[in-house]
Every structure is written in structure tokens, then in C-alpha cells.
Amino acid sequence: MLSKGNPFRLTGYFKANNVDLSVCAYFVCIISGCFATRFFSVKNIVRYKIIKDLYSVNEAIRDKEVRLIGSDGEMVGVMSGREAQRRADDEGLDLVKISPNAVPPVCKIMDYSKFKYEQSKKEKENRRNQTVIEVKEIRLSMTIDVGDIAVRTKQCLKFLEAGNKVKVSIRMKGRENARAYQGVKVMEDFFEGLEGKAVQDKKPATEGRNIIMFLSPAKS
């Protein structure tokens, strides 16, 4: 049996068993190639490029000419990359390339660690302020009674007040499919019972054995 591990250990195994070295080289290439394919996958390469190219800082900036913005936010002008770096060093700050696609690239003198911290705070704040809209579902039936309609109406109003969209559906069974218009009437009555607190994104429509309606909160 061959043990897992360094593929180049296969050489000793083949020699001990009088196997042609060309066969050994073939197997080593296959195993090494599989490792390289997995390690240098497109996903990993793209991930590395995104991280690497996010911002170029200090010595990583190799442009001969840049447009410099000072630490006070004022435009300094076009100069050599070396001169821009010297100015950043004189202030004890970093030179950061903020617009790599501009001609020439735009660099700014700043405290890069502070900049990253502030960017992180902004991203967290933006995520916190994002409103997540969910699509809730209310299921009715063509033979639903008044009590159940009242319960579903109350539940739907709760979803709408929370800012969510609502999918209202009826699943037709057996011969009900031939009386789809009755299901549409149930949907319309249900919508009227919401008393103007919803708008129809999609009016009741038959889709196969289902009748579907989509609602959104009405604007106040």
C-alpha cells in the first residue's frame, strides 16, 4: 500500500519494486498537478487578488507619477511617486493609492490604520441600518370561514406593519380547479378586509392549481 503524503516519496517505492522511472514520473506529475489545481483554483486566486489590490500602501505603490492629495484633503498636484512617498514620510503618515484607475493614479497622505478602522465602522453601521424585507405567506382556502378569515387578516396586518411583503395563496383541490373564480373572489374580499393598509403588487392570478396574490405595506 502507498501511504499518503509527499508524492515524491513514490520514487523510492517504484525503485524498490523495479518499476520503470518514467511510470514514476507520470504518477508524480498527476498527484502534483491535482494539488496545484486545488491550491491555485480560480476562486483562491480571485480572493487573493481582491485582498491584495484593495489598497496599495507606501512601498507597494510603484507608479512613476501620481496625483497627490495632502493629509488635510487639499490637492497638492502631480509629482513622482518617490516625492509623494517622501512627503508622507516627512509627516509620519502613509501614502495610500485611493484611485488606481485614474491617470495618473490618485494617492492620499493619511493614517492608514485609522482609515481602515473608520471604514470598518462605516460598514458595520451600514449593515446595522439595512432594512431586511421578508416575504411572508398567508394561506387561505376556497371554503374558509369568517373566523379563520379574521385570524388570517390579523396575521397579515402584523406582517405588513413590520414592513414585510405578503404572499397570499390558495391551493385548489379536486373540482375546485374548475371554480377558480371563487378563489379569486376570496382573495379580493381578503384584500378589502385589510382596509387600505396594503397595496397589491400582483393581483390574484391562477398559476396551475394555485391562486397567488402579492401585497406590500401601503405608504402612509
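How many salt bridges does a search of the whole structure find? The search gives 9. Please keep in mind, as you look around, that this is a predicted model.

**Salt bridges**

Let's start with three of these pairs, set side by side.

| Pair | N to O distance | Citation |
|---|---|---|
| Lys97 and Asp63 | 2.8 Å | salt bridge between side chains |
| Glu134 and Lys136 | 3.0 Å | salt bridge between side chains |
| Asp189 and Lys185 | 3.0 Å | salt bridge between side chains |

Take the pair of Lys97 and Asp63, whose side chains meet at 2.8 Å. Lys97 belongs to strand E4, while Asp63 sits in the loop between strand E1 (56-57) and E2, so this salt bridge ties together parts that are 34 residues apart in sequence. Are the two partners buried or exposed? Lys97 has a relative accessible area of 13%, and because buried means under 20%, Lys97 is buried. Asp63, with a relative accessible area of 25%, is partly exposed.

The pair of Asp189 and Lys185 has another setting. Both residues are in helix H7 (residues 180-192), and because they are 4 residues apart, about one helical turn separates them. Asp189 is partly exposed at 38% relative accessibility, and Lys185 is partly exposed at 44%.

As for Glu134 and Lys136, their side chains meet at 3.0 Å, N to O. Glu134 is partly exposed, with a relative accessible area of 39%, and Lys136 is partly exposed too, with 25%.

Salt bridges can also link up into a network, and here one connects Glu83, Arg86, Arg87 and Asp90.

**Helix H4 and its surroundings**

Next, have a look at helix H4, which spans residues 81-90. Which of its residues are buried? They are Gly81, Ala84, Gln85 and Ala88. Because these residues cover an arc of only 100 degrees around the axis, they lie on the same side of H4. Turn to the face pointing away from that buried side and you will find the exposed residues Arg82 and Asp90. Asp90 is also one of the residues in the salt-bridge network with Glu83, Arg86 and Arg87.

What covers the buried residues of H4? The cover includes four strands: E2 (65-69), E3 (75-80), E4 (94-99) and E5 (106-110).

Gly81 is worth a visit of its own. This residue of helix H4 counts as buried because its relative accessibility is 11%. Its C-alpha atom is separated by 5.2 Å from that of Lys64, although the two residues are 17 apart along the chain. Leaving aside residues up to four places away in sequence, Gly81 touches Asp63, Lys64, Glu65, Val66 and Leu95. Asp63 in this list is the salt-bridge partner of Lys97.

Just after H4 comes Gly92, with a positive phi of about 70 degrees.

**Strands E7, E8 and E9**

Strand E9 (residues 210-217) runs antiparallel to strand E7 (residues 165-171), and 6 bridges join the two. Strand E8 (residues 198-207) also pairs with E9 in the antiparallel sense, over 7 bridges. Ile211 of E9 is a handy residue for seeing both pairings. Ile211 is the bridge partner of Ile170, and Thr206 stands opposite Ile211 as well.

E8 and E9 form a hairpin with 2 residues between the strands, and in this hairpin Gly208 takes a positive phi near 70 degrees.

**Backbone details in the loops**

Most residues other than glycine have a negative phi, and most peptide bonds are trans. With that in mind, here are some spots to inspect.

Asn58 has a positive phi near 50 degrees and is not a glycine. Asn58 is found in the loop between E1 and E2, and its relative accessibility of 14% makes it count as buried.

Glu195 is not a glycine either, yet its phi is positive, at about 55 degrees. Where does Glu195 lie? It is in the loop between H7 and E8. At 66% relative accessibility, Glu195 counts as exposed.

Finally, the peptide bond from Val103 to Pro104 is cis, with omega near -5 degrees. Pro104 lies in the loop between E4 and E5.

Notes:
Residues are numbered from 1 along each chain as its sequence is written. This is a predicted model: local features need pLDDT of at least 70, side-chain atom pairs count only at pLDDT 80 or more; totals for chains, interfaces and linings use all residues. Side-chain values use heavy atoms; hydrogens and water are left out. Buried means under 20% relative accessible area, exposed over 50%, partly exposed in between (1.4 Å probe, protein chains only). The arc is that of the directions from the helix axis to the C-beta atoms. Contact means heavy atoms within 4.5 Å. Two strands pair if DSSP finds at least two bridges between them. A salt bridge is a side-chain nitrogen of Lys or Arg within 4 Å of a carboxyl oxygen of Asp or Glu.
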